[in-house]
Amino acid sequence: MAQVLPAEHDVRRIIGDGDGVADGEVEGLDDAALLDLYRAMVLLRTYDERSVVYHSQGRVGTYAIFWGHEAIQAGSALALADEDWIFPSYRESAIGLLRGMTPETVLSWWRGHPAGWWNPREFRIASITVPIATHVPHAVGYAWGARLKGESACALVYFGDGATSEGAFHEGANFAAVMRAPVVLLCNNNQWAISTPLSAQTRAEFLADKAAGYGMPGVRVDGGDVLAVYQATSEALARARAGHGPTFVEALTYRCAPHVTADDPTAYWDAQRVERERENECLGRYDRYLRRLGVLSDELAEDARDDALERMKSGIAAAEALPPPDPEVVFASAYVDPPPTLREG
Amino acid sequence: MPALTYREAIRDAMSEAMRRDDDVFVMGEDIAEMGGSMGVTQGMLDEFGPDRVRNTPISEMAIVGAGIGAAVSGMRPIVEVMYQDFMTLAMEQLVQQAAKHRFMSGGQIKVPLTIRTQGGAGWSPGAQHAQQLEAWFLHVPGIKVVFASTPADARGLLWSSIYDDNPVVFFEHRTLYNLKGDVPAEIDGIELGRARVHREGEDVTIVATGRLVHEALKAAEEAEQDGISVEVVDPRTLLPLDEETIVASVRKTSRCVVAHEAVVRMGFGAEVAAIVQHQAFDYLDAPVERVGAKFAPIPFAPVMEEYVIPHAEDVLAAVRRTMGKD
């Protein structure tokens, strides 16, 4: 029988504040690995900031901003083995950049061009399913299927705090626990579901407590602390790979950008809180940590930023240079063997 | 030729696929020790073990959703949804996810998932366990829909469904499980999208599905005594539909009755009528008739249920109307 464990309530942190709270470290992460995490965060941050600009210039469509979520995304994605699959929500649209996908592909996705349809098998990243939480059961089924095939691959599924209200989250989490599926349920708790605050989403004090109801461990981690996210995800993956089943990781952050470019959050959010959160954003925290450690220099930081900007520049140029798609593509890809009689409607 | 019941034929297709292919497994509610609420998977747990004959929590959404994930991982899952009425709980996974996954990856992944489900009236299961909802599914590009009416068709079509690389919804009719019929000695697939002409005739074509195939055959026998020669066509696959066979039959007979157990309004019969009037307009000697359930929930009380659902006499009456003999 699965053990019903109370979830951890203390929020795990590694990065100190450069003052009273001391810095910790993650065993096994050398300087090169620390800088890989840094570059991944810079790439994501640059992608996000440039996308908002491109949107304002009419060069990409409505875009789901993830500014401030880079620590959650980079910390968890870099903890994965190459064979592990990622099941993203729209908030993790650019997660493929961390697996060698080009900005051209992700930008094409947001431009509504078929070139944005990446090959899920090539990147081990599922297509984004936009309805909330509906991909949780897919991740569970994927992980279970891989286990049946005798593979050691795990699945990591991202979803937001609002997703925990969905039936698909509940059914998927319960399924995962019952089947001991090797899956990590990573909840990006940014405390907003569009305009609905967490307090109106649930009466549970901690989302991680939901894990106990499924008989799986639940942990809470500072979502602004890339090292804490990395460590918690690594632990969950080790557990999954050893056959002990799923873990629920609640990564706490605060959404200090609009939900999407079409959203005006001034109608509902607390501007002062947003200001405070922005000052404590995750990339700056990690930057200062690495400098305290003597790992990051101005030169390295500038190089990471320049490299990311250059990739975005060539990415948008390449995406804009693509010819318009052939409308016939709609018939080519809906079925493996498109039935000829279905073309008429 | 060996004879199998409809239930045994379905089990045979699954078991044989699982013997030949490690990627095939079944998952659903109460399908292991109990053998499924309709007994279809009986004995499979003993042969294949609990990993491949997997009991699940009562979670239709996750059964279909996890089936999608497993299919993407390279498996060929067969999931059982106990009643097609409960497919309503899994519609998001089917319509938004299974049907769209290949499309939204630009054709770069496939979802070889088979969803087996059953339903139908005629045994008084009540309003929430008796519906025929197949028309809902026919409106969704990206999936295939199969509805078998005989043991041989059930086995061959299920075999093809399992090995089809698209998501397939496979409907079984509750009242047909004990129906016995000959099946080929060697298991083989029946191409999806090919109708079967059960009986040839000259005067009227009946296009019938599921239980109504058997009601149509009874009606055809009676009509013959009246001197009316009836052809009975079972499309077997509703999506994609074998329009060619249906239209060729109507061009020959000049009259058409469509019969299904689901409600008439906005049903499968409406689509067939539209196809026939468009492709055989000049051949028609009478309006296309539709036979189906009255537009009401299926009642629990047997006498009320009988009143709502269609029978052979309703099909016969429609045949006679097309002949101007009502």
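Q: Where is Glu299(A) found in this predicted model?
A: Glu299(A) sits in helix α12 (residues 298-321) of chain A.

Q: What makes Glu299(A) count as exposed?
A: Exposed means over 50% relative accessible area. Glu299(A) has 67% relative accessibility, so Glu299(A) counts as exposed. Glu299(A) also belongs to a surface patch of negative charge, together with Glu302(A), Asp303(A), Asp306(A) and Glu310(A).

Q: Why is the contact between Arg311(A) and Asp307(A) called a salt bridge?
A: The cut-off is 4 Å between a side-chain nitrogen of Lys or Arg and a carboxyl oxygen of Asp or Glu. The closest N and O atoms of Arg311(A) and Asp307(A) are 3.7 Å apart, so the pair meets the definition. Both residues lie in helix α12 of chain A, four residues apart, about one turn of the helix.

Q: Why is Arg311(A) called partly exposed?
A: Partly exposed lies between the 20% and 50% limits. Arg311(A) has 29% relative accessibility, so the label fits. Asp307(A), at 39%, is partly exposed as well.

Q: How do you know whether Arg255(A) is buried or exposed?
A: Buried means under 20%. Arg255(A) has a relative accessible area of 1%, so Arg255(A) is buried. Its place is in the loop between β8 (247-252) and α10 (271-279) of chain A.

Q: What makes the approach of Arg255(A) to Ala257(A) a polar contact?
A: The limit for a pair of N or O atoms is 3.5 Å. The side chain of Arg255(A) reaches the backbone oxygen of Ala257(A) at 2.9 Å, so the distance is within that limit. The backbone oxygen of Ile194(A) lies 3.0 Å from a polar atom of the Arg255(A) side chain.

Note on methods. Residues are numbered from 1 along each chain as its sequence is written. Chains are lettered from A and ligands numbered from 1 in the order in which they are written. This is a predicted model: local features need pLDDT of at least 70, side-chain atom pairs count only at pLDDT 80 or more; totals for chains, interfaces and linings use all residues. Side-chain values use heavy atoms; hydrogens and water are left out. Patches are made of residues with over 30% relative accessible area and no salt bridge: like charges are joined within 9 Å, nonpolar side chains (Val, Leu, Ile, Met, Phe, Trp, Tyr) within 5 Å. Accessible areas come from the Shrake-Rupley method with a 1.4 Å probe; for residues, only the protein chains shown count as cover. Lys and Arg count as positive and Asp and Glu as negative; His and the chain ends are not counted. The place of a charge is taken as NZ of Lys, CZ of Arg, CG of Asp or CD of Glu. Helices (H or I, at least four residues) and strands (E, at least two) are DSSP runs, numbered from the N terminus. Buried means under 20% relative accessible area, exposed over 50%, partly exposed in between (1.4 Å probe, protein chains only). A polar contact is a pair of N or O atoms within 3.5 Å; within protein, one must be able to donate a hydrogen and the other to accept it, and residues adjacent in sequence count only if both atoms are side-chain atoms.
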